[in-house]
Each structure stands twice: as C-alpha cells, then as structure tokens.
Amino acid sequence: MKNNGLAKNLLICGDNLKVLDDLIKQGIKVDLIYLDPPFFSNKHYEVVWGDEAEIRSFKDRWAGGIHVYVEWMKERIVKMHDILEDTGSFYFHCDWHASHYLKVMLDDVFGYRNFQNEIVWQKIRTEKAQSDKFANLHDVIFFYTKSEDYIFHQLRIAPSKEYIDKYYTQIEPKTGRRYQLISFIQGGQGPRRKFGNRWIEPPRGKHWIWSQDRIDEAFRQGRLVFTDPDKPRLKRYLDEYKGRNIGNIWTDIFPINAVARERLGYPTQKPEALLERIINASSNKGNLILDPFCGCGTAMAVAQKLGRKWIGIDISPTAIKLIETRLAKLGSVKGKDFDSIGMPTTLTELKNLEPFEFQNWVINEMQAKQSKRTVANGGLDGHIDRSLYSEEAGIQVKQSENVGRNIVDNFETALERKKYKKGYIVGFGFTKGAHEEAARVKEEKGLYIKLITVEDLLKRKPGLLK
C-alpha cells in the first residue's frame with residue numbers, strides 16, 4: 001500500500017487545503033480520516049490552554065452564513081476523498097448547527113450509497129434548564145466509506161456487573177459455569193423439530209432458531225432446558241458472551257470534564273475513548289490515520305497508542321506545539337518518531353501570524369509560561385519562574401516594528417506591581433526612545449528591562465535571556 005512508504009508520522013502546520021494537495025502529489029494514501037472541524041456555531045470561546053490556565057479567544061465564526069461554511073468545507077472534503085484509500089473510511093464530527101447541510105454535501109462527494117451511519121454521541125450529561133425546547137445533548141458523526149469494500153470490525157460492549165447479576169442468575173453444579181436461559185424461537189412459521197425422543201411443534205407463527213443437527217448437538221451437550229414440556233430454552237453461558245454489539249447511539253463515552261487526566265484545556269477537545277472506538281472499528285495496526293483539523297492531537301495520541309501511523313494537520317502553531325508536548329509524554333520523539341513541518345521560521349511568517357499565535361510562539365521560544373488574562377497582570381503576557389538557571393522575570397510581547405518609550409514605561413509599572421526586578425519586551429523593532437527609557441529605569445531604579453528583537457529570538461542568539 002502506498003501509505004507504507006511514510007517513513008515517519010507527520011505533524012504539519014498549515015492550511016489543510018494546500019497540505020492535502022501536497023500529500024496527494026507525493027502519492028500518499030490514508031486508510032482512515034477523522035475530522036472534528038470548527039462547528040458552525042458562532043460561538044466565541046474563552047479558552048483555558050494547558051496547565052498554565054492561559055485564557056485566550058477561540059473563534060468559531062463564519063462570515064457569510066451557512067452556505068459559505070459548507071462550500072469552504074466541501075473544497076477540503078473533495079481533497080480528503082482523493083487521498084483516501086479505496087478501502088478507507090471517513091468520519092466527520094459535527095453538531096446540529098450544520099449537520100443537515102453537511103450530510104447533503106457529503107452524499108454528493110462520497111455518494112449516497114457509501115453513507116454507512118449517522119452516529120449520535122451524547123456529549124452532555126447535565127442539561128441546562130430550558131422551557132421552550134428540548135435540550136441539545138449530542139453531537140453527530142457521519143460515517144462514510146470510499147467503496148463497498150472497506151475495513152470494519154464489529155465492536156462490542158462487555159456486560160456490566162449489574163447486567164450479569166440481573167440476567168446470569170444460574171450456575172451449573174458440575175462445571176460452576178454461570179448462565180441464563182434464552183428463548184429458542186423466532187418469528188415466522190417453521191417445521192417441527194426432534195428434541196431427544198420427542199417431536200415438538202413450534203408455537204403458531206414461530207420457528208425453532210436452530211437446524212435439526214444443531215439441536216441434536218445441543219441436546220447431547222445438555223444446553224437445552226425445558227421450563228415446561230413443550231418449551232425448550234437455550235443456555236447462554238457468561239464465559240461465551242462477548243457483549244452486545246455497539247450500535248450508532250453512543251451514550252457510554254463521557255466527555256472531558258474539568259478534572260480529567262487527559263484534559264488539555266482545548267475548547268473542543270474530544271475524549272480519547274471516542275477516537276479509540278473509531279480507530280479500532282475502521283483500521284488495522286500499521287494503517288495510516290489522517291486528522292486534517294487535529295487541534296490538540298487526540299487522534300494522533302490514540303493512533304500512536306494503538307500502533308497506527310498518522311498525519312495531523314492544523315493551521316495553528318500553538319496547536320502543533322501542544323501536540324508535540326502531548327506526544328512527548330507518550331514517549332514519541334520528535335525527529336525520530338515524527339516530524340513537525342511548516343512551523344513559522346521567518347520574520348515574514350511571524351509577522352503574518354494572528355496576535356494570539358504570535359504571542360504563544362514568543363512565550364514558547366523563551367521557554368516561559370503564559371500569564372492569566374487578569375487585571376492584576378497589568379500588561380504582562382508571560383513570566384519566567386525562579387529556578388537554578390533563571391531569576392523571576394516578566395514578559396511583554398508586541399507584534400510591532402516600532403515599540404516605543406510609552407510601552408517601556410507601562411511595562412515598568414507592571415513589573416513593579418508584580419515586584420519583579422527583571423523583564424523582557426519582545427518586538428520586531430524598538431525606537432531610540434524605548435532604549436533610552438530602558439536605560440533610565442535601570443540606572444534610577446535598578447529595574448532591568450531587556451529589549452529583544454524577534455530576529456534575535458528566531459536565531460536563538462546566545463545569552464539572550466541574561
């Protein structure tokens with residue numbers, strides 16, 4: 001298969017439309033695609049990123065309305081269809097805001113006959129009080145395949161202790177095996193069958209579920225029990241019961257809560273159990289998984305754990321950094337087990353980043369921590385904690401080429417409020433007045449404010465943080 005030529009897993013920063021084109025040109029084919037793109041919800045999330053509780057805005061907005069959203073998505077879905085193996089599967093995660101529009105579009109791209117399931121995942125357990133309509137408690141996952149020949153493993157849910165105690169109430173004295181008695185008839189008229197030395201007619205409109213040969217074998221094994229003379233029932237042993245088949249309504253996978261170990265603070269983070277079910281059902285070990293909106297990397301983390309290859313794409317450098325950290329905790333080594341491609345490496349690329357992304361890039365490069373967005377921080381975007389190798393310091397980030405005296409003056413006040421003796425301002429350039437103000441503050445107050453250019457940070461200039 002073509003995907004076997006992928007030497008390493010790939011984490012790619014960029015617009016997935018262009019990235020998918022590049023992968024297709026390289027002849028890459030994937031076995032399973034899962035995507036959880038921005039929903040058409042017009043929400044404006046206040047995000048708590050990672051362990052440092054950095055609150056920032058996560059926008060889920062689409063100017064131009066639903067048809068713009070669907071067309072934007074379709075352009076990308078067509079590329080995903082092209083990169084998918086003929087035996088591949090495709091899972092699209094969405095919600096009620098646009099699911100009905102997206103279903104029509106997906107039928108057009110994949111073909112109506114290749115639609116397999118509409119999966120309903122109950123993501124909310126405690127509904128809000130609503131008096132004018134029923135509460136919206138679920139997401140929708142559309143499952144398509146590229147052809148009629150595709151990978152699918154029927155998954156089962158093991159019986160709970162409550163279920164076992166309620167239904168498997170009998171124990172064989174000789175073997176100690178636990179069992180329940182189940183019906184031996186089904187609808188539809190059928191012939192009589194011989195049970196031992198007796199011929200027994202099934203009830204009217206019913207038939208015995210097994211052929212005569214299987215009945216004879218079960219009778220010899222003692223698996224048929226007569227609860228009355230004409231009603232045989234079948235022993236179902238607990239040790240032979242694999243559990244019930246999983247259907248398309250998933251209520252057993254709980255969303256990420258505030259104290260979950262896997263919680264990263266990403267606003268739309270999905271639980272690993274959800275991806276485990278999808279990946280186990282629609283792929284084999286060694287298969288290649290693609291998530292073109294990989295966010296905080298749940299699909300990548302689960303694919304890694306389950307022995308699959310993977311490609312993750314996201315336009316956000318912050319998301320890529322978050323995933324790198326997540327994968328490192330799983331023992332996946334960047335450069336050895338996976339490559340990161342497309343991260344900003346030039347001044348022009350950094351200038352074009354969204355302010356939030358630029359600030360995160362600077363804080364990450366300085367190996368610092370994000371500050372909570374509170375009034376008390378008064379202009380500090382990040383900070384460096386005291387350690388054996390560094391002293392406490394505040395950080396301010398400016399995506400500007402002319403950071404002036406007033407910025408330094410305000411930063412001075414913020415440092416004094418936090419009782420910091422040291423601080424760094426990062427920008428693309430500084431005016432003469434900014435340098436003069438930094439020198440004055442150092443001489444008069446002993447407060448060290450260092451002005452760092454993005455170019456020096458990009459080059460990792462030695463001694464930059466001294």
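# A guided tour of the predicted model

With the whole chain displayed, begin with its contact pattern: among contacts with a separation of 6 or more, 66% join residues 24 or more positions apart. The model is a predicted one, and its secondary structure comes to 13 helices and 26 strands. If you colour the chain by accessibility, 45% of its 466 residues count as buried.

**Stop 1: strand E10.** Select residues 178-183, which form strand E10, and within that strand pick out glutamine 180. Is this glutamine buried or exposed? Glutamine 180 counts as buried because its relative accessibility is 9%, under the 20% cut-off. Now show side chains around glutamine 180: its own side chain makes a polar contact with the side chain of tyrosine 168, at 3.5 Å. Leaving aside residues up to four places away in sequence, glutamine 180 touches Tyr163, Tyr167 and Tyr168, and also Leu234, Lys235 and Arg236.

**Stop 2: helix H6.** Move next to residues 272-282, the eleven residues of helix H6, of which eight are buried, so that this helix is largely enclosed by the rest of the structure. To see which ones they are, select Glu272, Leu274, Leu275, Arg277, Ile278, Ile279, Ala281 and Ser282. The buried set of H6 thus includes Glu272 and Arg277 as well as Leu274 and Ile278.

**Stop 3: the cavity.** How many cavities of 30 Å³ or more does the model hold? The count comes to one, and the volume of the largest cavity is about 40 Å³. To find its walls, select Pro317, Thr318, Lys321, Met343, Glu357, Asn360, Trp361 and Asn364, which line the largest cavity. By character, this lining divides into three nonpolar, three polar and two charged residues. If you then display helix H8 (317-329) together with helix H10 (355-365), you have two elements that each supply at least two residues of the lining. Which helix gives the most to the lining? That is H10, with four residues.

**Stop 4: the cysteines.** Switch to the sulfur atoms, where a search for disulfides returns zero. Cysteine 294 is in no disulfide, and the nearest cysteine sulfur to its own, that of cysteine 296, lies 8.8 Å away. Cysteine 294 has a relative accessible area of 3%, which means that this residue is buried. Select cysteine 94 as well, which counts as buried because its relative accessibility is 2%.

**Stop 5: two loop residues with positive phi.** Before looking at the backbone here, recall that most residues other than glycine have a negative phi. Starting from H10, follow the chain into the loop that leads to strand E22 (369-370), where you will find glutamine 367. Although glutamine 367 is not a glycine, its phi is positive, at about 50 degrees. Glutamine 367 has a relative accessible area of 74% and is therefore exposed.

Then go on to the loop between helix H11 (405-417) and strand E25 (422-427), and select lysine 419. What is the phi of lysine 419? The angle is near 60 degrees, a positive value in a residue other than glycine. Lysine 419 also counts as exposed, because its relative accessible area is 70%, over the 50% cut-off.

Methods. Residues numbered from 1 in each chain as written. Predicted model: local features only at pLDDT ≥ 70, side-chain atom pairs only at ≥ 80, totals over all residues. Heavy atoms only, no water. Buried < 20%, exposed > 50% of the residue type's maximum accessible area, 1.4 Å probe, protein only. Polar contact = N/O pair within 3.5 Å; in protein donor to acceptor, adjacent residues only side chain to side chain. Contact = heavy atoms within 4.5 Å. 1 Å grid on protein atoms, 1.4 Å probe; cavity = no way out; pocket = protein on both sides within 12 Å on 5 of 7 lines; lining within 4 Å. Points joined across faces, edges and corners; volume = space filled by probe spheres on them. Nonpolar A, V, L, I, M, F, W, Y, C, P; charged D, E, K, R; others polar. Disulfide = S-S within 2.5 Å.
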